[in-house]
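Subject: Structure handover

Hello,

Here is the structure I promised to pass on. Please open it first, then read my notes alongside.

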Amino acid sequence: MSFSKLLSLLLLVNFIFIYQSHSSPDNNVTKAQSHIKPKKVHLSLYYESLCPYCRSFIVSQLVKVFNTDLLNIINLRLVPWGNAQYVKPNKTIICQHGEDECYLNTIHACAISIWPDPRKHFNFIYCIENQGLPIKDNQHSEGMEAVWKACSARSGMDQKLIKDCYDSGYGRKLLLQYATETDHLYPKHLYVPWVTVNNQPLYDKYEDFITYVCNAYKDKDLVRACLSNSLKVTEEKFSRSPVCYVEIRSQIQQRLHCCSGGT
């Protein structure tokens, strides 16, 4: 083959390659897009440590996130403030179930900050909430400290880090940040547990959070927890789940003389 014919052939092949590349501009984009995962669903729990309904929800319902593949599609946030009140004149934190609750809320906040991986801090919080802790209004009992220390040992978490967080006052600072976040919820929270999916409250349907999470996720066919869950929500299906309602300000003020908040 002569040089001129070889050159013509090479030019033809190059032209065909360029033409095919430009005639199908979406091929590579489509292929790339097929590997883009849908955005994770934001699941948040606003709660307080000694509300029996919060405890029940954490222990019997929210734990399902970790017993299935649901954690692969959600960003889970725990916000331990609940129905507490911050009284500005004397900078006092008043918790709905007394000083023990303020204390444990702060311990929870410290654990979340020290171990931001939800698998770690949830395991610790689950252990505490699973103890069936007695509610003793207006006092901070030594039993609460024994409970969280036992749970930290069981979870392999350094007790000193949590204690330093609490004793230094940093835990209180974290708690007040959660207070600001909770107070600025829209719509405002009416009770706890207050569960939101992509910032939308589930109200008294919070126990069926998996259905709402799966409906919010764009590729639910890839999640076993969603495939095995009924994704249709009907009013007839649900009864009202129990809650701890927000106390009115006057009720909180009545306890100022005997409660310091413990934090």
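L43 stands opposite V197 of β6. That pair belongs to the β1–β6 pairing, which is antiparallel and has four bridges. Please keep in mind that this is a predicted model.

**The sheet**

What is the strand order in the open sheet? The four strands run β2-β1-β6-β7, and the pairing is mixed. The edges are β2 (74–80) and β7 (200–201), each of which pairs on one side only.

Going along the sheet, β1 and β2 are parallel and are joined by seven bridges. H42 has N75 in β2 as its bridge partner. On to the antiparallel part: β1 pairs with β6 over four bridges. Then β6 (residues 194–197) pairs with β7, also in the antiparallel sense, over two bridges. V197 turns up again here, opposite Q200 of β7. So do look at V197 from both sides: L43 stands opposite this residue in one pairing, and Q200 in the other. As a reminder, strands of a sheet pair through backbone hydrogen bonds, either parallel or antiparallel.

How well covered is β1? Mostly: six of its seven residues are buried.

**Across the sheet: α9**

Helix α9 (residues 170–183) lies across β1 (41–47) and β2. The angle to β2 is about 110°. L176 is a residue of α9. Is L176 buried or exposed? Neither quite: its relative accessibility is 23%, so L176 counts as partly exposed. Leaving out residues up to four places away in sequence, L176 touches Y86 and I93. L176 and I93 are 83 residues apart in sequence, yet their C-alpha atoms are 8.9 Å apart in space.

**The α5 packing**

Next, α5 (residues 99–114), the helix that holds H108. Two of its packing partners are worth a look.

Start with α6. The axes of α5 and α6 are 9 Å apart, at an angle of about 160°. That makes the two helices roughly antiparallel. Their crossing is right-handed. From α5, the residues that meet α6 are L104, I107, H108, A111 and I112. On the α6 side they are H121, F124, I125, I128 and E129.

H108 deserves its own view. Its relative accessible area is 0%, so H108 is buried. Which residues does H108 touch, not counting those up to four places away in sequence? They are Y47, S49, P80, I125, I128 and E129.

Now α8 (residues 159–167). The axes of α5 and α8 come within 9 Å and cross at roughly 120°. That makes α5 oblique to α8. The contact uses Y103, T106, I107, C110 and I114 of α5. From α8 come L161, I162, C165 and Y166. Again, α5 passes α8 in a right-handed crossing. I107 appears in both lists: among the α5 residues that meet α6, and in the contact with α8.

**α6 against α7**

Helix α6 (residues 118–129) also packs on α7 (residues 142–155). The angle is about 140°, and the axes are 9 Å apart. The two helices are therefore oblique to each other. The contact takes N123, F124, C127 and I128 from α6. From α7 it takes V147, W148, C151, S152, R154 and S155. This crossing is right-handed too: α6 passes α7 that way.

F124 and I128 are worth selecting together. Both are among the α6 residues that meet α5, and both are in the contact with α7.

**The chain as a whole**

Some totals to finish. The protein chain has twelve helices and eight strands. It has 263 residues, and 43% of them count as buried. Its exposed area is about 14,600 Å², of which carbon and sulfur atoms supply 54%. Among contacts with a separation of 6 or more, 75% are between residues 24 or more positions apart.

Best wishes

How values were computed. Residues numbered from 1 in each chain as written. Predicted model: local features only at pLDDT ≥ 70, side-chain atom pairs only at ≥ 80, totals over all residues. Heavy atoms only, no water. Pairing = 2+ DSSP bridges. Contact = heavy atoms within 4.5 Å. Axes fitted to C-alpha atoms, helices over the stretch in contact; angles between N-to-C directions. Buried < 20%, exposed > 50% of the residue type's maximum accessible area, 1.4 Å probe, protein only. Areas by Shrake-Rupley, 256 points an atom, 1.4 Å probe, with all protein chains shown as cover. Parallel < 35°, antiparallel > 145°, perpendicular 65-115°, else oblique. Left-handed = near helix turned anticlockwise from the far one by under 90°.
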